[in-house]
Amino acid sequence: MAVWLGGLVVLVGFVLRQGWADRRVLGVILPVWSRWAAVAVCWLVLGGLVQAVIEIGGLSALFDTWYGQLILIKAGLLGVVLTVAFFSRRLVLRRAFGPQVGGSAATGASRLGRLVAAELGLAAIVLAASSVLVQTTPGRSADIEARAAAEAVGFSTTLNSSIFSVQFEIFPVQIGENNTLHAFVYTPAGKPVAVAEWKVTAALPEKGIPPIPNDVVSIRDSQGIGAITFPYPGRWELTLTIRLDDLNQATVRTAVDVPGS
C-alpha cells in the first residue's frame, strides 16, 4: 500500500505537473513505475484476500456480520480503483502521455494525470475502509459470539405477593458465578415501588446444599441487580425477600433449572 499510494502521490504532485511533463522524462519514469505498481497491487490484493479468508471464517459471515459487509464494500471500492488503474496503465503502455495533435506533452499528460488523481483518491478511501476493519470484530469471532449467545440459557418470570410484584430475569443460567439477576418491583396496581432491602438466596436440596446468599443492590428505587452463584447443575430453589419499608416485607420463591456444562 505504501509503494502504491506513495508512487501515486509523487506522480500527481510532481511528475505529471506542468513543469515535469516532458515526453522523454515520462517515457523513462512511467513504464518503470507502472511495473512496480502492478507488482505492489498484486501483492496487496493477494495479501488482503488471504487475510479476509482467515478473518471471515465462513461464507455466511461475509453477509451476516458487519466485518463481512465491510469486506464487500472494500472489495467493491478496490474493483473501481483497479478499473481506473487499468486505463492508466493502458495509456502508459500506449505512450499516450506524449504530445497530442495540436497540443504539447503537458496536454498529453493531463489525461493521465486526471486518471492517476482519481486512482489516488479512491485508494485513500480503500485505506480508510481498511482502518475501520482493523477496529471491527472479525467475522469468525462475531460468528462464534453469535452462536454462543444463541446457545446461552436464560430465565425470566414474575412472582407476586400481597404487597408487590417482582419481574426478574437471570442471564445466562449456567454453572458458576457469572449469572446476572436483574429485577423490577411494582405495587399490585403496577406502579414502580422503592425497595429498601434485597435478600436473595439459592438452594439445591437434591444435593443437600442450603440457601446460599447472593448480593443484590438497588440501581434505581425499584430496580435491583446482582450476581447469582450456581455451583452445580440441577433444580435450584430461588428465594427473594424484598423489604419495602419497616412495615412491609414479603418473600417469594421459584425454581431455576441450571443445565450441566
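Are Phe155 and Phe168 buried or exposed? Phe155 is buried, and Phe168 is buried as well. The close-ups below show these rings and their surroundings in what is a predicted model.

**View 1. The five-stranded open sheet.** Here 5 strands line up in the order S1-S2-S3-S7-S6, with antiparallel pairing. Strand S1 (155-160) and strand S6 (216-220) sit at the edges with a single partner strand each, so one side of each has no neighbour in the sheet. Going from one strand to the next, the twist averages 25 degrees.

**View 2. Strands S2 and S3, side by side.** Zoom in on S2 (residues 165-171) and S3 (residues 176-186) and you'll find 7 bridges joining the two, which run antiparallel. To get your bearings, look for Ile170: its bridge partner in S3 is Leu181.

**View 3. The four-stranded open sheet.** This one has 4 strands in the order S5-S4-S8-S9, and the pairing is antiparallel. At the edges are strand S5 (209-214) and strand S9 (249-258); each has a single partner strand, so one side of each is left without a neighbour in the sheet. The twist averages 20 degrees from one strand to the next.

**View 4. Strands S4 and S8, side by side.** S4 (residues 197-204) and S8 (residues 234-243) are an antiparallel pair, held in register over 7 bridges. A handy landmark is Ala202, which stands opposite Leu238 in S8.

**View 5. Phe155 and Phe168, one of the 2 aromatic pairs.** The ring centres of Phe155 and Phe168 are 6.1 Å apart and the planes meet at 45 degrees, so this pair counts as tilted. Phe155 belongs to strand S1 and Phe168 to strand S2, so the pair ties together parts that are 13 residues apart in sequence. As the opening question brought out, both rings belong to buried residues.

**View 6. Phe230 and Trp236, another tilted aromatic pair.** For Phe230 and Trp236, it's 5.5 Å from centre to centre, with 55 degrees between the planes. How buried are these two? Phe230 has a relative accessible area of 0%, so it counts as buried. Trp236 is also at 0% relative accessibility and is buried too.

**View 7. A lysine over a tyrosine ring: Lys207 and Tyr232.** Follow the Lys207 side chain out to its charged end, and you'll see it sitting over the ring of Tyr232. The distance from that charged end to the ring centre is 5.9 Å.

Notes
Residues numbered from 1 in each chain as written. Predicted model: local features only at pLDDT ≥ 70, side-chain atom pairs only at ≥ 80, totals over all residues. Heavy atoms only, no water. Pairing = 2+ DSSP bridges. Axes fitted to C-alpha atoms, helices over the stretch in contact; angles between N-to-C directions. Phe/Tyr/Trp six-rings, centres within 6.5 Å; stacked < 30°, edge-to-face > 60°. Buried < 20%, exposed > 50% of the residue type's maximum accessible area, 1.4 Å probe, protein only. Lys NZ or Arg CZ within 6 Å of the ring centre and 35° of its normal.
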